[in-house]
Amino acid sequence: MGADVIRALKPRAGLLEFAGLFGLLVLFVVLSLASSAFLSKDNLLNVLQANSDIGIAACAGTLVIVAGGIDLSVGAIYALAGVLSAKLAISTGVGVGILAGVAAGAALGLLNGLVVTAGRVSPLIATLAGAIVFTGGAEVLADQELLTPEAAGFVELGRDSLLGVKYSVWLLVVAAIAFGFLLSRARFGREVRVVGSNQEAARLSGVNVGRVRCLTYVLSGLAAAVAGVVAVSQAGQAQSNIGGIPYVLAVIAAIAVGGTSLRGGEGAVWRTIIGVLFLGLVNNGLGLLNVDPLYNQFFTGLLILIAVSGEIYVRRGSGRIAT
Amino acid sequence: MSTDALAANRVGAGLNGRALLAWARDYGIVVALLALCAVFAVITDTFLTERNLINLAQQSAEPGLLAAGMTVVIIAGEFDLSVGAILGFAAVVAAFVANEAGLVLAVLAAVAVGAGLGLINGTIVTRLRIQSFLATLATQFVIVGVAIYLTDSSNSFRVNDFLGLQKFANSELLGIQSKAWIALAGFVVVWALLRATRYGKQVYAVGGNEAAARVAGVRVRLIKASVLVVSGVMAGLAGAIAVSDTGVAQADGGLGMEFTAIAAVIIGGTSISGGRGSVWRTLAGVLLLAVVANGFTLVDISPTYDQLFQGGIILTAILLDALLKRKAR
């Protein structure tokens, strides 16, 4: 009897499926009780808006990670695309700026993908080097200036609403649906999962492994660029130091906290959305409790450690930490 | 020429191509460093002056120490993205201790804190089995968070007796400040550790082939945890230098320096997949990055191009490394 109870309480992979969702609900209830300001439409919409840029890149980043890769350059692409779009929106035109920013993101993603697949460099190193190069590019573009695009069309993208909800949040919804569909329903998503769980098997069953992996980086670069452009239009200003490693940390944290395995092969975009909301609520709650925002990254880092070690712990099944 | 001779020639050319690539990886860094120095010596009057070269050496002290430690970590097949954060944390602790108990204890405290944080990293990597780059990406921000907390959320902490503390980093020997000598000593120690001790051999073995090392009786997890302690100690020492140099400890002051350290290791030609490399290469890598930044300033190229250029060199080094690995197969 006692043993049965212990066995029932032991964490299992099946339960872990919903650990993120469960955590989110608990946090939601706790915050509702702890702060009267929390449970209002405005506050919740604010949480969504404040985290939409992280969410957009995290949705695409989920595909990279499920395919067994990782993209540490999203923060740099975010910055470069943001700066480029602001610069062109000032000098040339709003439409050109937005398109060029997004296209640059896809191109840099392609570069990452080629270094990883054709160059056979480990994704970690390739995208770390990419991050340094792209940050350098953003610095050259910005030339130590604070760019402030004031054209109405540009700032509208980040600030205007449709049905009472900001465009940036709608973009997050679109990204979640599009990448979610791609990963769980489309043939490409199936290939992504096969590549992530067993490259050799994928190759033998006729999947073009290099093309699939490369494409995930293109999508990740594209999404990070959209996020950067949206964030810049929201803020109305761009500098080369936006995004960066803190942004990468938040994106990876959202994916890991949602429960997607960082070792590849399995995961889902809806999980990532849960991770984004969880991190968003944590930061929002800390703000409502008057904790200095200086500490937000501290908690993000801690959550990554908890989420990843929890996943590893449960996957190893027997409940042993050490061997 | 007979067909045999042609074939032999072709084989020779293939070998030569490979040998050339291998040579480029082994000594490319030295050639590149010398070439850059030569270029800057010719096109500027100021580069090849005693004052400028001494400045170069002194400015390379902090990134140099981080890079020396990072070399050991990368040879063991791991990564440490938290060294910049450890530097800031150690600097804050050193400033506290300096105000209470003086210079010597402050330096010892910084090193001890570095070792302790490295041990925490090592424990997380080996016990919780989180990949080191991910674990240290996360601990980086946890460490900075605690360091900021230690400064009462002000992010910086001032030393009372700056003149006294300055002795550690800014005393002069042969006209060169002690921080450069300390960094050089760090390189020599790491070099001896890797070359002349059993521990060094085990680090190479673990990075080269973990399973084989385990079979051969190497305590793999102990080695992996210990390399993170080594890089923590180096970062702690760099933190002591930082605070002794400026009199102010900044909690997040080291953030970003981990990239310079990794860049120096990679540019030097130490293999990023572990098992191969040496610390003199890293020293050359550190100097190369410093010469580029210094030379760019001297010829009036805007510092905004520094990082782009740095990234370009790193990317080249990485692709060369990958190309060589494929050829070797």
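How much area do chain A and chain B bury between them, and what share of it is on carbon and sulfur atoms? I looked that up before anything else.

**Ground rules**

I'm working on a predicted model, where local features need pLDDT of at least 70, side-chain atom pairs count only at pLDDT 80 or more, and totals for chains, interfaces and linings use all residues. Residues are numbered from 1 along each chain as its sequence is written, chains are lettered from A and ligands numbered from 1 in the order in which they are written, and side-chain values use heavy atoms, with hydrogens and water left out.

**Entry 1: the A/B interface**

I get about 3,800 Å² buried between chain A and chain B, with 76% of it on carbon and sulfur atoms. Buried area here is the accessible area (1.4 Å probe) that two parts lose on being put together, summed over both. On chain A's side, I noted that Ile132(A), Tyr295(A) and Leu305(A) supply 16% of the area this chain buries against chain B, more than any other three residues.

Counting contacts (heavy atoms within 4.5 Å), I find 41 residues of chain A against 40 of chain B. I then went after charges and got zero salt bridges across this interface; the rule wants a side-chain nitrogen of Lys or Arg within 4 Å of a carboxyl oxygen of Asp or Glu. For polar contacts the count is one residue pair, both at pLDDT 80 or more. That term means a pair of N or O atoms within 3.5 Å; within protein, one must be able to donate a hydrogen and the other to accept it, and residues adjacent in sequence count only if both atoms are side-chain atoms.

Which helices of chain A each supply at least two residues of the side that touches chain B? I have H7 (123-142), H13 (244-258) and H15 (296-315). Helices are DSSP runs (H or I, at least four residues), numbered from the N terminus. H7(A) gives the largest share, 11 residues. By class, I see 27 nonpolar, nine polar and five charged residues on that side of chain A. Ala, Val, Leu, Ile, Met, Phe, Trp, Tyr, Cys and Pro count as nonpolar, Asp, Glu, Lys and Arg as charged, and the others, Gly among them, as polar.

**Entry 2: the core**

The largest nonpolar core has 205 residues, and Phe179(A) and Ile252(A) have the most contacts inside it. Such a core is a set of buried Ala, Val, Leu, Ile, Met, Phe, Trp, Tyr and Cys residues joined through side-chain atoms within 4.5 Å. Buried means under 20% relative accessible area, exposed over 50%, partly exposed in between (1.4 Å probe, protein chains only). I checked Phe179(A): beyond four places in sequence, its contacts are Cys59(A), Ala60(A), Leu63(A), Leu219(A), Ala223(A) and Val269(A).

**Entry 3: salt bridges within the chains**

Over all chains I count seven salt bridges. Glu191(A) pairs with Arg187(A), with the closest N and O atoms 3.3 Å apart. Both sit in helix H10 (187-197) of chain A, four residues apart, about one turn of the helix. Glu191(A) is buried at 11% relative accessibility, while Arg187(A) is exposed at 59%.

Glu191(A) also bridges to Arg211(A) at 3.9 Å between the closest N and O atoms. Arg211(A) lies in helix H12 (209-235) of chain A and Glu191(A) in H10, so this pair ties together parts 20 residues apart in sequence. Arg211(A) is partly exposed at 45%.

In chain B, I found Glu210(B) and Lys224(B) bridged, closest N and O atoms 2.9 Å apart. Glu210(B) is in H10 and Lys224(B) in H11 of chain B, 14 residues apart. Lys224(B) is buried at 11%, and Glu210(B) is partly exposed at 32%. Shared partners join Glu78(B), Glu210(B), Arg214(B) and Lys224(B) into one network.

**Entry 4: two buried spots**

Is Asn43(A), in helix H4 (41-66) of chain A, buried or exposed? I have it as buried, at 10% relative accessibility. Its side chain makes a polar contact of 3.0 Å with that of Asn284(A).

Gly274(B) is in the loop between H12 (257-268) and H13 (279-298) of chain B, and is buried at 13%. I noted 7.5 Å between the C-alpha atoms of Gly274(B) and Tyr204(B), 70 residues apart along the chain. Tyr204(B) is itself one of the buried residues of helix H9 (198-208) of chain B.
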